[in-house]
Amino acid sequence: MLLAFRYPGIKIMIVRRTYPELRSNHINPLRTLLGDAAVYKDSTKEFTFPTGSVILFRHCSNSSDIDKYQGTEVDVLFLDEATQLTEEEYERFKACVRGVNPFPKRIYLTCNPGGVGHSFVKRLFVDRVYKENENPDDYVFYKSLVTDNKALMESDPEYIKQLESLPPKLKKAWLMGDWNIFDGQFFEEFRDDPAHYSDRRFTHVIEPFEVPREWKIIRSFDFGFRKPFSCDWWAVDGDGRAYLILQLYGCTDTPNEGLKWHPDRIFSEIARMEREHRWLRGKTIDGVADPSIWDASRGEAIIESADRHLVYFSKGDNKRIPGWMQCHYRLAFDSEGLPMVYFFNTCKAAIRTLPLLQYSSVNPEDLNTEEEDHFADSFRYFAMSRPIAPKPQREKELLGDDPLDLHRYKKFTY
């Protein structure tokens, strides 16, 4: 409203998933607020202001709806409940923000954690991990909790009690603004709690430490055709507890030739790291990898490139469900709050991608393979190479009262 009054001739567009949401959350409240100060035309779903500026209201029930807005040019775009949109839908709406006038173009996204777009919003605004064509300076994140809404707290003090009564995961997401917790999360037990980095209880992420020379080092590897690869080094202590200490993560195909990680470059870098890094050099390292790298149907098998650089692997056990069970067993906290796997906080790709993975809609025991799952696959090959038995947990303390949590706790622990 203020932008439309202040800047003559600009176009503003507000987007929601459905038209009823637009009407109840935006159009009707604005008609009350504006009165005769702006003219609303229901046939075009837009407000026109005395300055010549316009607010357009558009919905996107599915991806095909965006085709209707292909020629639309706006100066300001508001995506309300942006996590309800896919990243492709976001990119297509973003293309509408253009024009020759000097007004500085901008996009506002408002949303809660969760939803189909959770992953890309978290990547851009929370984790701040960017692709080649994305400028970090273009993105700013403001975290706003319900307690920051003073007007709501005064007019409806009971609202916060409604949020407090939500199931544990939703409560953490909507009341506490926790972007690492959302419905459908495959690795629900994953925790990154800096408050426990020192005592290592109820957290999987810790500060790096000097790895003892006598610990065994395992290298796991997942190759991605035109997708990221993940090479991961695990140190295993005398109790069988594993620590992800180093990670090499990259994309095998990008628009910029100089950034491509072709197989020879990947294994050359792996060999260099193992020659030079103080935790790896001089060590006998066992390697386990995705069996598909032995496939020669597309030409030279990926393993041949690894062999040329003296980087050796054995075939990983690729059984998915037993593999995921082993990952869950390692992530589970025992009666003292200690898991059987830790991640050094320098292994950013692992920490970023693991909590974003969701359940498959086809096979409820498996994860969604459309997600960025390459580290998870590498983790699975490692876990299957050194299987462990599940340990009892303190279910109430860890999981709360959510019946779904309790069901999955029992399924993955006993």
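Here is a short tour of this predicted model, stop by stop, with something to select at each one.

**Stop 1: colour by pLDDT**

Start with the confidence values. The protein chain has a mean pLDDT of 87, and 90% of its residues reach 70 or more. Now pick out the two extremes among the elements: strand β13 (residues 341–344) has the highest mean pLDDT, 98, while helix α14 (residues 403–413) has the lowest, 41. Next, select residues 253–259, where the pLDDT is below 50; this stretch has eleven contacts in the model beyond near neighbours in sequence. Then go to residues 394–414, where pLDDT also stays under 50. For that stretch the model has 42 contacts beyond four places in sequence.

**Stop 2: helix α2**

Select residues 19–34 and look along the helix. Where does α2 bend? At I27, by about 30°, and a proline, P29, follows within four residues. I27 is also one of the buried residues of this helix, along with L22, H26, L30 and L34. Show those side chains and see what surrounds them: they pack against α1 (2–6) and against five strands, β1 (11–16), β2 (39–41), β3 (46–48), β4 (54–59) and β5 (76–80). Before you leave, click on G35, just after α2, which takes a positive phi of about 60°.

**Stop 3: salt bridges**

The structure holds 25 salt bridges, and a few are worth a visit.

Select K105 and D75 first. Their side chains meet at 3.4 Å, N to O. K105 sits in the loop between α3 (87–94) and β6 (106–110), and D75 in the loop between β4 and β5, so this pair ties together parts that are 30 residues apart in sequence. Which of the two is buried? D75 is, at 5% relative accessibility, whereas K105 is partly exposed at 28%.

Now jump to helix α8 (residues 263–276) and show E276 and R272. This salt bridge comes in at 2.7 Å, N to O. The partners are four residues apart in the helix, so about one helical turn separates them. Both ends can be reached from outside to some degree: E276 is partly exposed at 44% relative accessibility, and R272 is partly exposed at 30%.

Third, select E372 and R352, whose side chains meet at 2.9 Å, N to O. E372 lies in the loop between α11 (348–353) and α12 (374–385), with R352 in helix α11, so the pair ties together parts that are 20 residues apart in sequence. R352 counts as buried, at 11% relative accessibility, and E372 as partly exposed, at 28%.

To finish with charges, select E87, R123, K131 and E134 together: salt bridges that share partners join these four into one network.

**Stop 4: the seven-stranded sheet**

Switch to cartoon view and find the open sheet of seven strands. Its order is β7-β13-β10-β9-β8-β11-β12, with mixed pairing. Which strands stand at the edges? They are β7 (205–206) and β12 (314–315); each has a single partner strand, so one side of each is left without a neighbour in the sheet.

Zoom in on the β12 edge. Two bridges join β12 to strand β11 (residues 285–289), and the two strands run parallel. For a last click, select V288, which stands opposite S314 in β12.

Conventions:
Residues are numbered from 1 along each chain as its sequence is written. This is a predicted model: local features need pLDDT of at least 70, side-chain atom pairs count only at pLDDT 80 or more; totals for chains, interfaces and linings use all residues. Side-chain values use heavy atoms; hydrogens and water are left out. The bend at a residue is the angle between axes fitted to the seven residues ending there and the seven starting there. Buried means under 20% relative accessible area, exposed over 50%, partly exposed in between (1.4 Å probe, protein chains only). Contact means heavy atoms within 4.5 Å. Two strands pair if DSSP finds at least two bridges between them. pLDDT is the predictor's confidence in each residue, from 0 to 100.
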